[in-house]
Amino acid sequence: MNPKWWKESVVYQIYPISFMDSNGDGIGDLRGIMSKLDYLQDLGVDVIWICPIYKSPNHDNGYDISDYCDIMKEFGTMDDFDRLLRELHSRGMKLMMDLVLNHTSHQHPWFIESRSSKDNPKRDYYIWRKGKNGGPPNNWESYFSGSVWELDPKTDEYYLHLYSKFQPDLNWENPAVIDKLHEMVQWWLKKGVDGFRFDAIAHIVKKGGYPDALNPHGTATVRAYDMFSNLEHVHTLLRNLNDQVLYFYDIMTVGETSGLGPEQALDYVGDGRRELNMTFQFEHMNLDCAAPGGGKWDTVPWSLLELKEIISNWQTVLHGKGWNANYLCNHDQPRSVSRFGNDLYYRIPSAKMLATFIHMLEGTPYIYQGEELGMTNAGFESIDDYRDVETLNYYEEKRTNGVPEADIMAAIHKKSRDNARTPMQWDDGENGGFTTGVPWIRVNSNSREINAASAVRDPDSIYHYYKKLIELRKKHQVIVYGDYTLLLEEHPEIYAYTRTLEEQRLLVILNFFEREPVFELPEDFQPEKLELLISNYTPNKEEDLQSLKLRPYEARVYLQRQSQVR
């Protein structure tokens, strides 16, 4: 089993600007987080992952860092951070920082020096190139639309930014940059933080020579992911970071690594690789994309058969060799109940079913703030209510290309990152109890019905269902370490699987839709020997477990000891 504390933990992700505002300025902050630690402790989570809180001009909500060793003034002070860390540790909880090593803010002192002149000592801290044929150095497209290159008039050269022009990419070919970043990581570890989520870590190496990508359609820019994602030298750099810094601390690490399958993920997380504990994979996040690599905005209905194939592949390939990070939602994705469940007629049962799915898989489960309440997509009617730079860029690009407003907004309602960034809904009061001021982004209009205060009071709420899932995971090692086997591979509505560890076996039954399919109990399970651990419906007294008619979005988990198997 190779037990590790981070394998047995449940992680709760906080998007600090939207979590809790303590001073009425409409922006969540560190003291706001501290005021809700009892809530998180009661939920039962072990690790708090906080999105970037470093000093930043906030063009991309903190993922544009201007000082790695200071706190954004809107969030508080370093004293506030130190107190938060002490408060977490005193409750037996841990803190994972969100660290951006691929790029900085354009206001970072390094970049200010770098762009000041071509012969500045820090010029090579970033990636600068001359233009080509009167335009950018190559045809690569930014994740936030347009070219990855921005012309700097002062020196008449372009700098590279895979994200916005306010986020210039660091040059990991420069040993001085690597040394500075290693020193900074160690500085936080000495403070006592318990781990890192490394943002965009798969992109720190770019293809040598920065060649144009293939462009069969002759477009201005091309999604050239193979030019800057998961290149081989990334692994050398991560092993060096581990061997020189991370190895000496008992921490957890997870990398954001889009564009790979489980076999490639083992290059990052495989036992003995000395790189990361786990990665965030994105294959299941692309299920509703119209074409692989074609961008997130053009969507199609997702398929349960494809979800089974993807998740089962990750579960089986990594078993005994690496470790999964399991999630359905985060700050970059739509709300899970709106995307994979039914947020209109079956919000509560579908949210509980999705929670069961994630928490019963092998791997560390991640809960995104509000997911334990069944918070939904925002669906703002006006583009003026959105704040996300990616969303605003998409809107302007499509408007320029003549796409109808209704079509643009429909795509935004489904996939905008702001769906997950609306303020946490704490109570049924004004602004959902998030702030006494004007929130930086509108609160979801359903906060009077969906909020933490009412969920905590209701013993049948989604919140209390999450509590029970977490308690079960701490009680039964089979949930953490058991082998995974998919059942009913071709069933279009039921996702069922077993988890097996020594004398224990779990049977997980999930109805992903509102129809009522029948689940036929496998022959090697005896109905009278099955112990129901959790369900999102009250079982019918007269039901037949041999041939079980499932209700809409029903979830059940049974335990049977191997000695009881026929």
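Which residues are buried in helix H12 (residues 405-415)? The legends below refer to a predicted model, and the first of them takes up this helix.

**View 1. Buried residues of helix H12 in the predicted model.** Helix H12 runs over residues 405-415, and its buried residues are Ile408, Met409, Ala411, Ile412 and Lys415. These five positions lie on the same side of H12, because they cover an arc of only 160° around the axis. The cover over the buried residues of H12 includes helix H9 (336-339) and helix H11 (389-400).

**View 2. Leu37 in helix H2 and its contacts.** Helix H2 spans residues 37-43 and contains Leu37. The relative accessibility of Leu37 is 1%, so this residue counts as buried. Not counting residues up to four places away in sequence, Leu37 touches Leu84, Glu87, Leu88 and Arg91. For one of these partners, Leu88, the separation from Leu37 is 51 residues in sequence, while the two C-alpha atoms are 7.5 Å apart in space.

**View 3. Asp483 in strand E14 and its contacts.** Strand E14 covers residues 483-487, and Asp483 is found in it. Asp483 has a relative accessible area of 34% and is therefore partly exposed, a class that lies between the limits of 20% and 50%. Leaving aside neighbours within four places in sequence, Asp483 is in contact with His319, Thr498, Arg499 and Thr500. Gly433 lies 50 residues from Asp483 along the chain, and 43 Å separates their C-alpha atoms.

**View 4. The whole protein chain, for orientation of the close-ups.** The secondary structure of the chain comes to 15 helices and 20 strands. Along the principal axes, the C-alpha atoms fill a box of roughly 80 × 55 × 50 Å. The radius of gyration is 24 Å, which agrees with the value near 24 Å for a compact globule of 566 residues. Of the 566 residues, 61% are buried. Among contacts between residues at least 6 apart in sequence, 71% join residues at least 24 apart.

**View 5. Surface and charged side chains of the protein chain.** The accessible surface comes to about 22,400 Å², and carbon and sulfur atoms account for 47% of this area. The chain has 61 positive side chains and 85 negative ones. The centres of these two sets lie 2 Å apart.

Conventions. Residues are numbered from 1 along each chain as its sequence is written. This is a predicted model: local features need pLDDT of at least 70, side-chain atom pairs count only at pLDDT 80 or more; totals for chains, interfaces and linings use all residues. Side-chain values use heavy atoms; hydrogens and water are left out. Helices (H or I, at least four residues) and strands (E, at least two) are DSSP runs, numbered from the N terminus. The radius of gyration is taken over C-alpha atoms; the globule rule is 2.2 Å times the number of residues to the power 0.38. Buried means under 20% relative accessible area, exposed over 50%, partly exposed in between (1.4 Å probe, protein chains only). Contact means heavy atoms within 4.5 Å. Accessible areas come from the Shrake-Rupley method with a 1.4 Å probe; for residues, only the protein chains shown count as cover. Lys and Arg count as positive and Asp and Glu as negative; His and the chain ends are not counted. The place of a charge is taken as NZ of Lys, CZ of Arg, CG of Asp or CD of Glu. The arc is that of the directions from the helix axis to the C-beta atoms.
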